[in-house]
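Here are my notes on the model you sent over, point by point. Keep the viewer open while you read.

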Amino acid sequence: AVKLIDDDWNPLAWDKRQSRGREKDVESGSQTDRNYAYFIYSRAKDRVKIGVSKNPWARKNDIENKEKN
């Protein structure tokens with residue numbers, strides 16, 4: 001079985017999983033309309049947050065910061 005995330009729920013080998021066209025978009029500074037579905041598990045609440053975001057890692061950080069407060 002291929003492990004896609006580490007023990008802290010961060011993606012493994014993320015760069016290898018990106019389409020080659022994305023590097024051109026990033027280099028040229030153009031905006032992409034790409035969204036990602038995400039599943040974030042909260043150990044504190046024993047729940048899974050499911051959503052869609054252009055930047056799921058920022059969303060993960062937002063959720064973690066809200067749980068700390």
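1. Is Asn-55 buried, partly exposed or exposed? Asn-55 is partly exposed, because its relative accessible area is 38% and the classes run as follows: buried is under 20% relative accessible area, exposed is over 50%, and partly exposed is in between, with a 1.4 Å probe and protein chains only. You'll find Asn-55 in the loop between S2 and helix H2 (56-68). Helices (H or I, at least four residues) and strands (E, at least two) are DSSP runs, numbered from the N terminus.

2. Some ground rules before going further. This is a predicted model in which local features need pLDDT of at least 70 and side-chain atom pairs count only at pLDDT 80 or more, while totals for chains, interfaces and linings use all residues. Residues are numbered from 1 along each chain as its sequence is written, and side-chain values use heavy atoms, with hydrogens and water left out.

3. On confidence: the protein chain has a mean pLDDT (the predictor's confidence in each residue, from 0 to 100) of 76, and 72% of its residues reach 70 or more. Among the elements, the lowest mean belongs to helix H1 (residues 20-28), at 54, and the highest to strand S2 (residues 47-53), at 88.

4. The overall layout is quick to describe. The protein chain has two helices and two strands, and from the N terminus on the order is α-β-β-α. Of its 69 residues, 14% are buried.

5. Now the hairpin. S1 and S2 pair in the antiparallel sense over seven bridges; for the record, two strands pair if DSSP finds at least two bridges between them. Two of the facing pairs are worth clicking on: Tyr-36 stands opposite Ser-53 in S2, and Ala-37 has Val-52 as its bridge partner in S2.

6. Take a look at the turn, too. Four residues sit between the strands of the S1 and S2 hairpin, and Asp-46 is found in that loop. Asp-46 has a positive phi of about 55° although it is not a glycine. At 57% relative accessibility, Asp-46 counts as exposed.

7. Which way do the side chains of S1 point? They alternate: Tyr-36, Tyr-38, Ile-40 and Ser-42 point to one face and are buried, whereas Ala-37, Phe-39 and Tyr-41 point to the other and are not. Phe-39, in strand S1 (residues 36-42), is exposed because its relative accessible area is 54%.

8. Phe-39 also belongs to a nonpolar surface patch with Val-48 and Ile-50, and together they have about 330 Å² of accessible area. Such areas come from the Shrake-Rupley method with a 1.4 Å probe, and for residues only the protein chains shown count as cover. Patches are made of residues with over 30% relative accessible area and no salt bridge, joining like charges within 9 Å and nonpolar side chains (Val, Leu, Ile, Met, Phe, Trp, Tyr) within 5 Å. Across the strands, Lys-49 and Phe-39 are 10 residues apart in sequence and 5.6 Å apart in space, C-alpha to C-alpha. Lys-49 lies in S2 and is partly exposed, at 36% relative accessible area.

9. Back to the end of S2, where side chains meet backbone. Ser-53 is in strand S2 and counts as buried, with 15% relative accessibility. Its side chain reaches the backbone nitrogen of Asn-55 at 3.0 Å. The side chain of Asn-55, in turn, reaches the backbone nitrogen of Ala-58 at 3.2 Å. Polar contacts here are pairs of N or O atoms within 3.5 Å; within protein, one must be able to donate a hydrogen and the other to accept it, and residues adjacent in sequence count only if both atoms are side-chain atoms. Asn-55 and Tyr-36 are 19 residues apart in sequence but 7.4 Å apart in space, C-alpha to C-alpha.

10. How many salt bridges does a search of the whole structure find? The search finds one, counting a side-chain nitrogen of Lys or Arg within 4 Å of a carboxyl oxygen of Asp or Glu. The partners are Glu-64 and Lys-60, with the closest N and O atoms 3.0 Å apart. Both lie in helix H2, four residues apart, which is about one turn of the helix. Glu-64 is partly exposed at 32% relative accessibility, whereas Lys-60 is buried, with a relative accessible area of 11%.
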